[in-house]
Amino acid sequence: MSAATTTTAASAPVKSKALVQAHDLAKTFDVSAPWLNRVIERKPRTLLHAVDGVSFEIEKGKTLALVGESGCGKSTVARLLVGLYEPTRGGLTFDNQDAHAAFKGKDAQAMRRRIQMIFQDPYASLNPRWLVEDIIGEPLREHGLITDKAELKARVGELLKSVGLSPLDMVKYPHQFSGGQRQRISIARALATEPEFLVCDEPTSALDVSVQAQVLNIMKDLQRERQLTYLFISHNLAVVRHVSDQVGVMYLGRLVELADKHQLFNSPRHPYTRMLLDAIPKMHDTGKARTPVQGEVPNPLNPPPGCAFNPRCPHVNDRCRTERPKLLSIGGIRIACHAVEEGRI
Amino acid sequence: MADEPTTALDVSIQAQIITLLKNICKSRGAAVMLITHDMGVIAETCDRVAVLYAGRVAGIGPVHDVINKPSHPYTSGLMASIPDMTMDRERLNQIDGAMPRLNAIPKGCAYNPRCPQTFDRCMTERPDLMPAGSTRAACWLHAGASTTASTASAATKAGVTA
């Protein structure tokens, strides 16, 4: 830990101060039919561009939220960031090091220790046959941080306490806990190696509101205490507004808008962001129908030419149908939209 | 009967499903029982809402009144824990503790270990639904309050007796 911090301090002033920098991240999956079918039916290879050129920075101690409809590539970005997938193009710079090179090299362990992930479903992400003690202790043993048994127990107890559980809980199995408690166990496991960057893939979407509030409060407290950096993925915009500093809106594998949270929620620029915000049910206007989102996300195997959002966009013109907009800095935010660039909206 | 029809969906698909559900109801005159923990969906779709706690109805009433002036402490706790789109808060209000195990529901009111407004009666006697303003709540805070008494006056009254 101390070695890591000294390198940060030494190199940080020279280069960018962002802890996490994703540049042009892309992931393509080969979803072709089996080889024999392709030969017989003369089908070409089919490629799915799950993430197609996503770039962002996150400063230390800050939270970037990624939002977007299901299937837009949010979780793929998360998996790329923690090294579960290798990018097809682009890369990730973590603390001025190429993270994906480090994942493959001899420093793999060290890099993985610093980047951890909280998974979406606390019912599926904990091994039902393991005691909580083993679940939380595994990263510590795996990284060789603690080898002594008694010391390990003490550390697991500490971690449980830090997420509001009791050290006595370590001799229980996951099924003895409620959804919120299980998610806290996942958080404790993610925190075990004292990471600096946590990738949270919809950490509260399986939880009900009162438990969600508990988990979000714990996450915020931990961020304050330990200067943690979060990438927070969610489709619940109210939660995103609560936890994040910056928000990136994704559509079909690309970022369409990236802005400070207040700017994004108060004056959304991209037509897709506006559509998403209009679709949120308002709690205090009972019985009022919201503006439903028109259309559906197009098939990512066969995205429309030009701007991917053009079939659903109310401000579409010919340029949108043919030319793919780039992510440009306009008025303090980053946005990929011809209409905004041309000043039409 | 719709059991969490939109829980795993994002807002845009959720809006489509809700619209569909509403249209079906209108065209066929069907009644719907919607089970969800998304208060936004409830506010938008329902006429009446019942809040369940540990196997019993804690509060029931017209959706507008339950959301805006909750009469059961559990309902108010639930409402306060929802992140708001219009307000900035450093911390969300949380209801401390967890649901009791269903084979070990506490004596008296099931919510008493987590309730900020408990008094003696809550510990010993289990409340039934009683009128609380325009809604009904299973909470001793509303005991003795007449059907027309507002939530606020009922609360103060209970405070005095406690």
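# Close-up views of a predicted two-chain model

**Figure 1. Chain B, element by element.** Starting at the N terminus, chain B follows the order β-α-β-α-β-β-α-α-α-β-β-α. That makes six helices and six strands in chain B. Please keep in mind, here and in every view below, that the model is predicted. Of the 162 residues in chain B, 36% are buried. Among the contacts in chain B with a separation of 6 or more, 40% link residues that are 24 or more positions apart.

**Figure 2. The largest nonpolar core.** This view takes us into a core of 121 residues. The residues with the most contacts inside the core are A:Leu81, A:Ala188, A:Val199, A:Leu231, A:Tyr251 and A:Val256. Helix H9 of chain A, residues 209-226, is the element that gives the most to the core, with six residues. Chain B takes part as well: at least three residues come from each of its domain 1 (1-36) and domain 2 (47-83 + 105-162). To explore the core from one residue, try A:Tyr251, which touches A:Gly68, A:Cys72, A:Val256, A:Tyr272, A:Ala308 and A:Phe309, leaving aside residues up to four places away in sequence.

**Figure 3. Where chain A meets chain B.** The contact is made by 32 residues from chain A and 31 residues from chain B. On the side of chain A that touches chain B, helices H8 (179-191), H9 and H10 (237-243) each supply at least two residues. H9(A) has the largest share of that side, seven residues. Sorted by class, the chain A side has 14 nonpolar, 11 polar and seven charged residues.

**Figure 4. Two valines of helix H10 in chain A.** We now stay with H10, where both A:Val239 and A:Val243 are found. A:Val239 has 25 other C-beta atoms within 10 Å and is therefore buried. Its contacts, not counting residues up to four places away in sequence, are A:Thr204, A:Leu216, A:Ser234 and, from the other chain, B:Pro83. A:Val239 and A:Val67 are 172 residues apart in sequence, yet their C-alpha atoms are 11 Å apart in space. A:Val243 is buried too, because 21 other C-beta atoms lie within 10 Å. With the residues up to four places away in sequence again left out, A:Val243 touches A:Thr63, A:Ala65, A:Leu216, A:Met219, A:Lys220 and A:Phe232. A:Leu216 thus appears in the contacts of A:Val239 and in those of A:Val243. For a longer span, look to A:Phe103: it lies 140 residues along the chain from A:Val243, and the two C-alpha atoms are separated by 29 Å.

**Figure 5. Helices H6 and H7 of chain A crossing.** H6 (residues 132-142) and H7 (residues 149-162) pack at an angle of about 110°, and their axes are 10 Å apart. Since angles of 65 to 115 degrees count as roughly perpendicular, that is how H6(A) and H7(A) are described relative to each other. H6(A) brings A:Glu133, A:Ile136, A:Gly137 and A:Leu140 to the contact, while H7(A) brings A:Leu152, A:Lys153, A:Arg155, A:Val156 and A:Leu159. By class, five of these residues are nonpolar, one is polar and three are charged.

**Figure 6. Helix H3 of chain A, mostly covered.** H3 spans residues 74-81, and seven of its eight residues are buried. The buried ones are A:Lys74, A:Ser75, A:Thr76, A:Val77, A:Ala78, A:Leu80 and A:Leu81. A:Leu81 may look familiar, as one of the residues with the most contacts inside the largest nonpolar core. Just after H3(A) comes A:Gly83, with a positive phi of about 85°.

**Figure 7. Two loop residues with positive phi.** Neither residue in this view is a glycine, yet A:Asn96 has a positive phi of about 65° and A:Glu202 one of about 45°. A:Asn96 sits in the loop between strands E4 (89-94) and E5 (97-98) of chain A. A:Glu202 belongs to the loop that joins strand E7 (197-201) to H9 of chain A. How many C-beta neighbours does each residue have inside 10 Å? A:Asn96 has 15 and so counts as partly exposed, whereas A:Glu202 has 20 and so counts as buried. The cut-off explains the second case, because a residue is buried if 20 or more other C-beta atoms lie within 10 Å of its own.

Note on methods
Residues are numbered from 1 along each chain as its sequence is written. Chains are lettered from A and ligands numbered from 1 in the order in which they are written. This is a predicted model: local features need pLDDT of at least 70, side-chain atom pairs count only at pLDDT 80 or more; totals for chains, interfaces and linings use all residues. A nonpolar core is a set of buried Ala, Val, Leu, Ile, Met, Phe, Trp, Tyr and Cys residues joined through C-beta atoms within 7 Å. A residue is buried if 20 or more other C-beta atoms lie within 10 Å of its own, exposed if 12 or fewer, and partly exposed in between; C-beta atoms are placed from the backbone. Helices (H or I, at least four residues) and strands (E, at least two) are DSSP runs, numbered from the N terminus. Domain bounds come from an automatic or database domain assignment. Two residues are in contact if their C-beta atoms, placed from the backbone, lie within 7 Å. Ala, Val, Leu, Ile, Met, Phe, Trp, Tyr, Cys and Pro count as nonpolar, Asp, Glu, Lys and Arg as charged, and the others, Gly among them, as polar. Axes are lines fitted to C-alpha atoms, for helices over the stretch in contact, and angles run from 0 to 180 degrees between N-to-C directions. Angles under 35 degrees count as roughly parallel, over 145 as roughly antiparallel, 65 to 115 as roughly perpendicular and the rest as oblique.
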